[in-house]
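Biologist: Could you walk me through this one? I'd like to hear the reasoning as well as the answers.

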Amino acid sequence: MAFSRGIRHLLLGSLACLLLIGLSATYWAVAGRDSLLLRADNPRLIEALAAIQRGSIFDRNQQLLAESIVQDGALTRRYLRPATYSATGYYSLRYGVSGAESAFDALLSGSSEIQTLQDYVNRGLLNRPQVGSDIRLAIDARLQTALVNAIGDARAAAVVLEAQSGRVLALISQPTYDPNTLEDDWEYLIEADGQPFFNRALQGRYQLGGAMYTVLLAHAAASDFDLSQRFPQASAPIEFQDGMTLACVIKSIQAELSLADAYAHGCPAPFQSYYLADAAIDLDSILAPYAFDNPKALGGFAEPELTDLRSSLAEGTLDPDTLALRSALGQGDLTTTPLHLAAIMAAIATDGGAPAPQILSATRPPNEDQWQKTMRDSTVVPIMSADVAQELRLILRRAWHKLLGEFKSVPGAVGAQVALSQSGESKQIWLNGFYQSPDKSPISFVILLEDRDDPQAMLTIGKAMIRAIDDLH
């Protein structure tokens with residue numbers, strides 16, 4: 001009898017174990033299937049990802065920028081134009097994705113139609129490898145190359161936009177890296193002094209410095225201020241108690257300058273006088289339309305972030321009025337990205353509306369010949385009136401003329417400002433402006449060089465860029 005009870009207990013225990021095994025198998029086969037199959041350490045997942053044939057990346061003229069090729073029996077990514085590396089980014093099974101490879105990963109990998117690893121396995125078993133779509137960017141590789149060659153080895157950022165549509169024609173961050181040798185160079189690159197993975201055009205938030213004079217000029221024009229009024233001691237430097245000195249970017253032989261002339265020479269003193277002369281000026285309300293606290297970004301790309309290039313204002317060193325003046329002259333705690341400033345220059349180049357930047361121009365599904373356009377009308381945010389934008393265009397054109405003369409090598413109208421900014425002990429130099437070719441849409445641009453303060457070097461880069469932009473038309 002006791003023996004029979006033992007048998008029954010053993011049988012019941014065995015049945016319970018089998019039930020648990022059955023329930024576990026059912027769970028992992030149905031409910032928990034994806035969490036198991038999609039684990040990062042699942043070798044089947046790695047094999048499936050390695051078998052994906054990513055789509056190719058082209059520029060606006062269908063110049064091939066990146067493609068997938070078979071090398072040593074395995075698919076690998078190949079990047080063909082060094083000048084576009086900082087825009088295309090990289091794709092790596094080990095290190096992930098960046099740049100356009102990241103922003104449009106779903107299209108390039110084909111995962112927008114394929115949701116689970118089971119789909120990968122099914123396709124693999126049926127000899128139907130996953131194939132992604134090709135994409136075409138708004139970027140022009142020729143313009144990128146001309147700008148990169150002109151910039152040389154400087155730490156720099158550059159953005160060129162179609163001012164009305166917001167299409168990104170050039171997006172440059174230097175130093176950069178070679179995505180073709182990423183696997184071998186990774187350990188060196190993540191420790192490199194120049195931070196090659198940091199996209200200065202998109203992520204870098206810099207002091208505005210003299211670029212703030214554009215905002216003050218816009219306010220003066222909107223307030224019907226007499227822009228021909230001349231200010232005494234216009235070339236005098238401004239010295240602050242903490243040791244910072246602001247001076248003209250381009251020396252002027254004139255003792256008196258108007259705001260427009262001071263803008264052309266990058267002289268801060270007249271803008272200080274303008275700001276201090278009107279006690280009713282509310283800097284916060286003036287800055288609000290420009291949305292510097294919410295800079296424009298490219299969807300899927302690296303987001304703007306704070307950097308150690310921001311000004312470090314020592315608490316207690318400067319009184320509130322001096323801090324307010326520093327902010328009005330672009331040397332407070334306000335920062336911006338080159339992309340955001342390029343959108344503001346686009347507003348000046350048009351009727352006062354800043355476009356939302358966009359970089360994806362078209363897609364082409366696998367095994368199809370026709371491109372499907374993805375560009376839509378850009379969302380435009382008004383930041384100034386059309387009359388003010390027109391006035392600023394005239395001032396910018398006069399500023400460029402003072403800097404370079406007529407610059408007869410191009411037929412279009414050029415307007416640009418050279419500005420200096422200081423971040424801690426380092427300086428940056430900006431070139432912000434537009435180019436209007438006859439019968440073509442205007443182009444806005446921003447170039448920034450880190451740790452530089454030579455306006456002639458920047459103007460040399462600017463001339464090379466203008467020639468390249470003109471060639472596009």
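Modeller: Sure, here is a short run of questions and answers, from the whole chain down to single residues.

Biologist: Before we zoom in, how many helices and strands does the chain have?
Modeller: Keep in mind that this is a predicted model. The chain runs to 473 residues, and 51% of them count as buried. Its secondary structure adds up to 17 helices and 21 strands.

Biologist: What share of the accessible surface belongs to carbon and sulfur atoms?
Modeller: Start from the total, which is about 22,400 Å² for the chain. The part belonging to carbon and sulfur atoms is 50%.

Biologist: And the contacts: of those with a separation of 6 or more, what percentage comes from residues 24 or more positions apart?
Modeller: Take the contacts in the chain with a separation of 6 or more as the base. Residues 24 or more positions apart make up 66%.

Biologist: On to the strands. Is β19 largely enclosed or not enclosed by the rest of the structure?
Modeller: Strand β19 covers residues 413-423. A residue is buried when its relative accessible area is under 20%. In β19, 10 of the 11 residues are buried, so the rest of the structure leaves this strand largely enclosed.

Biologist: Which residue in β20 is the bridge partner of alanine 413?
Modeller: β19 pairs with β20 (residues 426-436) in the antiparallel sense, over 11 bridges. The two strands form a hairpin with two residues between them, and glycine 424 in that turn has a positive phi of about 65 degrees. Across in β20, the partner of alanine 413 is glutamine 436.

Biologist: Which two cysteines does a disulfide join?
Modeller: The cut-off is a pair of cysteine sulfur atoms within 2.5 Å, and by that rule there is one disulfide. Its S to S distance is 2.0 Å, and the pair is cysteine 248 and cysteine 267.

Biologist: What is the handedness of that disulfide?
Modeller: Cysteine 248 and cysteine 267 are both buried. The torsion about their S-S bond is about 115 degrees, so the disulfide is right-handed.

Biologist: How far apart in sequence are the parts that the pair ties together?
Modeller: Cysteine 248 sits in the loop between β12 and β13, while cysteine 267 is in the loop between α11 and α12. The pair therefore ties together parts whose separation in sequence is 19 residues.

Biologist: Last one: is aspartate 284 buried or exposed?
Modeller: Aspartate 284 lies in helix α13 (residues 283-287). Its C-alpha is 9.7 Å from that of alanine 328, 44 residues away along the chain. The cut-off for exposed is over 50%, and aspartate 284 has a relative accessible area of 61%, so it is exposed.

Technical notes. Residues numbered from 1 in each chain as written. Predicted model: local features only at pLDDT ≥ 70, side-chain atom pairs only at ≥ 80, totals over all residues. Heavy atoms only, no water. Buried < 20%, exposed > 50% of the residue type's maximum accessible area, 1.4 Å probe, protein only. Helix = DSSP H or I, 4+ residues; strand = E, 2+ residues; numbered from the N terminus. Pairing = 2+ DSSP bridges. Contact = heavy atoms within 4.5 Å. Areas by Shrake-Rupley, 256 points an atom, 1.4 Å probe, with all protein chains shown as cover.
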